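This report describes strand pairing, the nonpolar core and a surface patch in the model shown below.

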Amino acid sequence: VTVTSANGCTASVTATVTVSPQVNASVSGDNTLCTGDTTVLAASGGTTYAWNTGSTNDSLIVSPTSTTTYSLVANAPGACPDTVTVTVTVNQPDTLQ
């Protein structure tokens, strides 16, 4: 950037802007279960992970009793974190009449 004052004096400065890459997080695993079932949600795309459950593992074993949304923040050195959510739907059993 160069600035020129009213009396003709100029000053210049150069700045380098570094744009960090974005982590591309994803979660795999069954997202539809029956009551009592368990699934493993597996994170990928980062080097460290943080689930909304408090876990920092790359996989999360879940057995929700009702439809539940899980969120994951994936990080990697020198990259911007990415957040992804997955909803695990729990189907209730039919009742016999």
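Strand β5 (residues 39–44) is joined by four bridges to β7, and the two run antiparallel; strands here are DSSP runs of E with at least two residues, numbered from the N terminus, and two strands pair if DSSP finds at least two bridges between them. Within this pairing, V40 stands opposite I61 in β7. The model is predicted, so that local features need pLDDT of at least 70 and side-chain atom pairs count only at pLDDT 80 or more, while totals for chains, interfaces and linings use all residues. Residues are numbered from 1 along each chain as its sequence is written, and side-chain values use heavy atoms, with hydrogens and water left out.

Three strands form an open antiparallel sheet in the order β3-β5-β7. Because β3 and β7 stand at the edges with a single partner strand each, one side of each is left without a neighbour in the sheet.

| Edge strand | Residues |
|---|---|
| β3 | 26–28 |
| β7 | 59–62 |

The largest nonpolar core, a set of buried (under 20% relative accessible area, 1.4 Å probe, protein chains only) Ala, Val, Leu, Ile, Met, Phe, Trp, Tyr and Cys residues joined through side-chain atoms within 4.5 Å, has 14 residues, and those with the most contacts inside it are L41, W51, L60 and Y70. Two or more residues are given to this core by each of β5, β6 (48–51), β7, β8 (68–75) and β9 (82–91), and β8 gives the most, with three residues.

Outside the strands, V1 lies in the segment before β1 (2–4). V1 counts as exposed (over 50% relative accessible area) because its relative accessibility is 73%.
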